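Biologist: I'm at home at the bench, but not with coordinate files. Could you walk me through one, feature by feature?
Modeller: Happy to; let's put it on the screen.

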Amino acid sequence: KQSGGYCTPWGDGGGDLCRGEQPQPKGYHQCSDVDADFYNKNCNRKCMDEKCASFGQQGDTGGTEDLCKGYTWDKTKKRGKLKSTIGGLTSDSRYECNMKITLDHYIDHNGIHIYDSTYLQGFSCV
């Protein structure tokens with residue numbers, strides 16, 4: 001489903017991953033090439049998908065915590081802003097909100113259910 005609009009919250013309301021709200025996690029280098037509005041420079045949609053997918057932080061159990069939840073895509077300027085949270089969408093035909101999708105599944109191993117949230121990732125417009 002594709003709807004025009006930008007991901008919320010944003011700005012002082014939070015949600016902009018490269019604004020520096022988070023501690024310096026693994027993958028924070030993904031924010032080294034952003035403009036004053038925290039949009040990634042010289043990064044097309046495929047690049048934004050890859051940046052968001054690889055943005056993680058080592059968790060307490062040695063796994064990777066998923067810090068990037070998606071990105072706002074500015075259709076006019078062809079640029080994206082990584083998001084640490086996506087709580088909604090504000091209608092605006094110049095933007096698209098792209099949310100990372102992670103399909104979770106269980107692996108049954110000798111009667112033990114193992115939770116795996118890294119099975120598949122993708123992006124869609126909300």
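Biologist: How many helices and strands am I looking at?
Modeller: The protein has 1 helix and 7 strands, where helices (H or I, at least four residues) and strands (E, at least two) are DSSP runs numbered from the N terminus. Along the sequence they come in the pattern β-α-β-β-β-β-β-β.

Biologist: And what are the ground rules for the numbers?
Modeller: This is a predicted model, in which local features need pLDDT of at least 70 and side-chain atom pairs count only at pLDDT 80 or more, while totals for chains, interfaces and linings use all residues. Residues are numbered from 1 along each chain as its sequence is written, and side-chain values use heavy atoms, with hydrogens and water left out.

Biologist: What is the mean pLDDT of the protein?
Modeller: pLDDT is the predictor's confidence in each residue, from 0 to 100. Here the mean is 74, and 63% of the residues reach 70 or more. Residues 58-62 have pLDDT below 50, and that stretch has 5 contacts in the model beyond near neighbours in sequence; a contact means heavy atoms within 4.5 Å. Residues 113-122 are also below 50, with 29 contacts counted beyond near neighbours in sequence. Where pLDDT is low, the predicted coordinates should not be read in detail.

Biologist: What share of the residues is buried?
Modeller: Buried means under 20% relative accessible area, exposed means over 50%, and partly exposed is in between (1.4 Å probe, protein chains only). Buried residues make up 37% of the 126 in this protein.

Biologist: Which residues touch the most other members of the largest nonpolar core?
Modeller: A nonpolar core is a set of buried Ala, Val, Leu, Ile, Met, Phe, Trp, Tyr and Cys residues joined through side-chain atoms within 4.5 Å. The largest one has 14 residues, and those touching the most other members are Leu 17, Cys 18, Met 48, Phe 55, Cys 68, Tyr 71 and Leu 82. Helix H1 (45-53) and strand E4 (70-74) are the elements that give two or more residues to this core.

Biologist: Now a charged one: is Lys 83 buried or exposed?
Modeller: Lys 83 lies in strand E5 and counts as buried, because its relative accessibility is 1%. Its side chain makes a polar contact with the side chain of Asp 16 at 2.6 Å. A polar contact is a pair of N or O atoms within 3.5 Å; within protein, one must be able to donate a hydrogen and the other to accept it, and residues adjacent in sequence count only if both atoms are side-chain atoms. Lys 83 also touches Gly 15, among others; the C-alpha atoms of those two are 5.4 Å apart, though 68 residues separate them along the chain.

Biologist: What about Arg 79, buried or exposed?
Modeller: Arg 79 is buried too, with a relative accessible area of 12%. It is found in strand E5 (residues 79-83), and the residues it touches include Asp 35, Asp 37 and Asp 74.

Biologist: How many disulfides does the protein have?
Modeller: A disulfide is a covalent bond between the sulfur atoms of two cysteines. In the model, a pair of cysteine sulfur atoms within 2.5 Å is taken as one, and the count comes to 4. With bonded cysteines counted along the chain, the pattern is 1-8, 2-3, 4-5, 6-7.

Biologist: Which parts of the chain do they link, then?
Modeller: Cys 7 is joined to Cys 97, S to S 2.1 Å. That pair spans 90 residues, from strand E1 to strand E6 (residues 88-109), and both cysteines are buried. Their link is right-handed, with 110 degrees about the S-S bond.
Modeller: Cys 52 and Cys 68 are bonded as well, with sulfur atoms 2.1 Å apart. This disulfide is left-handed because the torsion about its S-S bond is about -105 degrees. Cys 52 sits in helix H1 and Cys 68 in the loop between strand E3 (64-66) and E4, 16 residues apart.

Biologist: Last one: which backbone angles should catch my eye?
Modeller: Most residues other than glycine have a negative phi, and most peptide bonds are trans. In this model, Phe 38 has a positive phi near 70 degrees, and Asn 42 has one near 50 degrees. Thr 8 and Pro 9 are joined by a cis peptide bond, with omega about 0 degrees. Pro 9 lies in the loop between strand E1 (4-8) and H1, and Asn 42 is in the loop between E1 and H1 too.

How values were computed: Lists of a residue's contacts leave out its neighbours within four places in sequence.
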